[in-house]
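Trainee: I should like to request a close look at a single part of this protein, with its surroundings described afterwards.

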Amino acid sequence: MTAEQNEKDIEDYFHQLFKFRTLPAHRVFAGDETGFNFGIDNNSRKNKVLCSIGAKRVRDMDDSYTAHLSLLHICNAAGDSLPPIIIHEGKLLDINMAEQVFDWNPDILFAPQENGYFIAEHFITVLRHLHKHIQPAPTESDPVLFIIDGCKAHLSIEALEFAESHNIHILCLPPHTSHILQVDDLSVFGPLKIAWRQACYNKKESRWRSTAEDAWDDIKKKDIIPLLHEAWDNSITFKN
């Protein structure tokens with residue numbers, strides 16, 4: 001895509017957004033997803049640590065449980081966040097993780113997907129989740145705007161019909177512009193990932209100190225949801 005095309009798409013996006021300028025902040029929602037890779041690769045981003053020259057075993061600060069998990073965050077312009085939607089890697093629901101999620105917040109949606117990513121079939125569930133938590137419910141005279149990227153990959157006839165019948169207007173970010181238009185990336189997911197890495201580090205350091213072994217314990221499957229809960233509470237704030 002050329003710069004001229006990109007600029008035209010962005011101009012058109014704001015033209016569409018301008019039509020909803022009279023909506024109050026609590027009726028304007030944005031949604032975005034982020035992933036958590038628990039292998040030591042961690043999206044090929046390597047942390048740098050200080051160690052003694054010649055050290056043969058350096059404590060690993062990366063995530064360790066090899067799996068993928070996706071989290072969808074929805075918030076409005078007034079600063080209110082909905083309970084997240086979490087997809088974990090697998091064909092069957094992980095009951096132990098599901099119980100941890102329920103203890104965190106029974107309104108969180110938690111489901112399996114073979115590769116741990118959101119797919120088109122999930123979008124109708126996302127819309128239902130959004131509608132469930134909107135108070136008061138949208139009406140024709142008091143609708144809701146839902147801004148999301150990657151819409152063309154997620155939308156279906158069923159989802160569009162649900163949105164239309166429940167007075168939810170969907171506005172897609174233009175292609176190749178989420179890095180400058182997506183509101184969650186820096187202000188929300190940035191602090192979330194920092195809090196997540198810190199929570200993982202603290203857990204591994206705590207285990208290392210308690211066992212007094214010359215090893216840096218891995219993040220285990222049973223740790224994932226409690227650590228994510230901790231990171232969420234420390235980063236998904238009204239201020240952010």
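Of the 25 residues in the largest nonpolar core, which touch the most other members?

Mentor: The model is a predicted one, and what follows should be read accordingly. In the largest nonpolar core, which holds 25 residues, Leu 69, Ile 86, Trp 196 and Leu 228 touch the most other members. Two or more residues of this core come from each of β2 (68–76), α2 (95–104), α7 (184–211) and α8 (224–235). Of these, α7 gives the largest share, seven residues.

Ile 86 merits individual attention. Neighbours within four places in sequence set aside, Ile 86 is in contact with Leu 69, Ser 70, Leu 71, Trp 104, Ile 108, Leu 109, Phe 110, Ala 111 and Leu 228. Two of these partners, Leu 69 and Leu 228, are also among the residues that touch the most other core members. A further core lies apart from this one; it has 20 residues, including Phe 29, Val 126, Leu 130 and Ile 148.

Helix α8, one of the contributors to the largest core, can be examined in more detail. Its buried residues are Ile 224, Ile 225, Leu 227, Leu 228, Ala 231, Trp 232 and Ser 235. Viewed down the axis of α8, the buried residues fall within an arc of 160°, and therefore line one face of the helix. The general geometry is relevant here: an α-helix has 3.6 residues a turn, so residues three or four places apart point the same way. The length of α8 also agrees with expectation, because its 12 residues, at 1.5 Å a residue, should span 16 Å and its end C-alpha atoms are 16 Å apart.

The loop between α7 and α8 contains Asp 218. With a relative accessible area of 40%, Asp 218 is partly exposed, because buried would require a value under 20% and exposed a value over 50%. Asp 218 and Arg 207 are 11 residues apart along the chain, and their C-alpha atoms are separated by 9.0 Å.

The cysteines deserve a brief remark. Cys 200 is buried, with a relative accessible area of 0%, whereas Cys 172 is partly exposed at 27%. The structure holds zero disulfides.

Several loops show notable backbone geometry. Between α3 (123–132) and β5 (144–148) lies the loop that includes Pro 136, and a cis peptide bond with omega of about -10° joins Gln 135 to Pro 136. Asn 167, in the loop between α5 (157–165) and β6 (168–172), has a positive phi near 60° although the residue is not glycine. Its relative accessible area is 21%, so Asn 167 counts as partly exposed. His 176, in the loop between β6 and α6 (178–181), likewise has a positive phi, about 65°, without being a glycine. His 176 is exposed, at 58% relative accessibility.

These parts belong to a protein with eight helices and six strands, which follow the pattern α-β-β-β-α-β-α-β-α-α-β-α-α-α along the sequence. Of its 240 residues, 42% count as buried. Among contacts between residues at least 6 apart in sequence, 73% join residues at least 24 apart. The protein exposes about 13900 Å², of which carbon and sulfur atoms supply 53%.

Terms used
Residues numbered from 1 in each chain as written. Predicted model: local features only at pLDDT ≥ 70, side-chain atom pairs only at ≥ 80, totals over all residues. Heavy atoms only, no water. Core = buried A, V, L, I, M, F, W, Y, C linked by side-chain atoms within 4.5 Å. Buried < 20%, exposed > 50% of the residue type's maximum accessible area, 1.4 Å probe, protein only. Helix = DSSP H or I, 4+ residues; strand = E, 2+ residues; numbered from the N terminus. Contact = heavy atoms within 4.5 Å. Areas by Shrake-Rupley, 256 points an atom, 1.4 Å probe, with all protein chains shown as cover. Expected span 1.5 Å × (residues − 1). Arc of directions from axis to C-beta. Disulfide = S-S within 2.5 Å.
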